[in-house]
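Here is a set of short exercises to work through with the model open beside you. Try each task before you read its solution.

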Amino acid sequence: MGNDLNHAPHAGRDLVIGLDAGGTRTRAVLAAADDGRVLGESTCGPGNAMTVPVPQLTDHLTEALARVVPESARARVVAVTGGFAGATAASEDDPGTGRARAALTEALRRLAVPTVRIGVCSDIEAAFAAAPGTPSEGLALVAGTGAVAMRITGRHATTTVDGDGWLLGDEGSGFWIGRSAVRAALRMADGRGRPTVLAGWVGRALNLPVDVLPKSAIPSYDRAGAVPPSGTASHPTGVPGWERARREDFRRRLLPAVMADPPIRLARFAPLVAEAAAEKDAVAGTILSEAADHLLETVRALEPRPGERIVATGGLLGPDGPLTTPLAERLHAHGLSLDWVADGCPGAVALARLAHLS
């Protein structure tokens, strides 16, 4: 998006910047301080305050800010708020918060942006503030690659449930769903699990040789005829053309293909589960149902009050998210509903405007 700073009535107006700095990218939005109108946007590299080294984080922030604010307009910036993965507004002593503030302060110094209002919060706190009305109290739920819920009080996160990473938690997340898909494939191959199209689909995604896959994964074959989408076959030996020797070869090749990537990459199989569930694969449907149960459990651990606002973000809960409907149904039974936001940039802009006006 281009900048819109040189056209009346925008020329000469005070400006604010909101940042949404996550694990894969950093987004910057330039807006008018008085009414919040967006005047420019930019995107650059990752901004997780705990995993990106401070020098690299500083470079990413500098790049994002330089792209979104023309040099001639930098003196008009009055406030900047960044929502960072790995940071929190609740404590300046938090290591991630300190790293984020140091990187942001240095990036602004490099660009000669003379702002005196620099705010740092978590990307989740920013996402919560992105909901209509810029709420200050309620619950936030993130379900994307990871999964975490927070209680927000006075715009600060005061209680956290899960968000414990792929090794210890993130239950119901994209990682959890993707790992479940691979586990289902392995269980089908070794005889412990029900037939599922996920075995073949995961194998194809990992570029395994066609001759080790169930025929359901071969494009020229009627996959529904080979692996019943309903998952009703009692044992994988009942899958035509996928005898024990081929299943052993499948396992032998699948494991090193998975282990070659960082564990978090398992999240890339989550869309396969959603697609398989849409085609009535019972195993995939069960995985999504269990994921929704986990997210419900995460929210309930925050002891929500009936009618309390839950602001949600992350691809699993968006307008086309595979968990949106099942989770909404579960929450409705408890008198709760979801407000979805795309990301934290509007919230970061709103918080920067509030800081300027306070």
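**Exercise 1. Find the loop that holds asparagine 207, and describe the residue's backbone and exposure.**

Step 1. Asparagine 207 sits in the loop between helix H6 (197-205) and H7; helices (H or I, at least four residues) and strands (E, at least two) are DSSP runs, numbered from the N terminus.
Step 2. Its phi is near 60°, a positive value in a residue other than glycine. Most residues other than glycine have a negative phi.
Step 3. Asparagine 207 counts as exposed, at 68% relative accessibility. The classes are buried (under 20% relative accessible area), exposed (over 50%) and partly exposed in between, with a 1.4 Å probe and protein chains only.

A note before going on: this is a predicted model, in which local features need pLDDT of at least 70, side-chain atom pairs count only at pLDDT 80 or more, and totals for chains, interfaces and linings use all residues. Residues are numbered from 1 along each chain as its sequence is written, and side-chain values use heavy atoms, with hydrogens and water left out.

**Exercise 2. Describe arginine 155 in the same way: where does it lie, and is it buried, partly exposed or exposed?**

Step 1. Arginine 155 is in the loop between S7 and S8.
Step 2. Although not a glycine, arginine 155 has a positive phi of about 70°.
Step 3. With 27% relative accessibility, arginine 155 counts as partly exposed.

**Exercise 3. Which elements of the protein chain have the lowest and the highest mean pLDDT?**

Step 1. Start with the scale: pLDDT is the predictor's confidence in each residue, from 0 to 100.
Step 2. The protein chain averages 89, and 90% of the residues score at least 70.
Step 3. The lowest mean, 36, belongs to helix H7 (residues 223-226), and the highest, 98, to helix H10 (residues 282-300).
Step 4. The pLDDT is below 50 over residues 218-237, a stretch with 40 contacts in the model beyond near neighbours in sequence; a contact means heavy atoms within 4.5 Å.

**Exercise 4. Give an outline of the whole protein chain: how many helices and strands are there?**

Step 1. The protein chain has twelve helices and ten strands.
Step 2. Of its 358 residues, 52% are buried.
Step 3. Among contacts with a separation of 6 or more, 68% join residues 24 or more positions apart.

**Exercise 5. Examine three salt bridges: how far apart are the closest N and O atoms in each?**

Step 1. Search the whole structure and you find 18 salt bridges, each a side-chain nitrogen of Lys or Arg within 4 Å of a carboxyl oxygen of Asp or Glu.
Step 2. In the pair of arginine 67 and glutamate 63, the closest N and O atoms are 2.5 Å apart. Both residues belong to helix H1 (residues 54-68), four residues apart, about one turn of the helix. Arginine 67 is partly exposed at 48%, and glutamate 63 is partly exposed at 31%.
Step 3. For glutamate 106 and arginine 109, the distance is 2.8 Å. These two are separated by about one helical turn because they are three residues apart in helix H2 (residues 95-110). Glutamate 106 is partly exposed at 25%, whereas arginine 109 counts as exposed at 57%.
Step 4. Aspartate 190 and arginine 192 come to 2.9 Å between the closest N and O atoms. Aspartate 190 counts as partly exposed at 22% relative accessibility.
Step 5. To finish, locate Arg25, Arg27, Glu41 and Asp343, which are linked in a network of salt bridges.

**Exercise 6. Which residues does serine 42 contact, leaving aside its neighbours within four places in sequence?**

Step 1. Locate serine 42 in strand S3 (residues 38-44).
Step 2. Serine 42 counts as buried, at 7% relative accessibility.
Step 3. Its contacts beyond those neighbours are Thr26, Arg27, Ala28, Ala64, Arg67 and Val68.
Step 4. Now pick leucine 65, which is 23 residues from serine 42 along the chain; their C-alpha atoms are separated by 7.7 Å.
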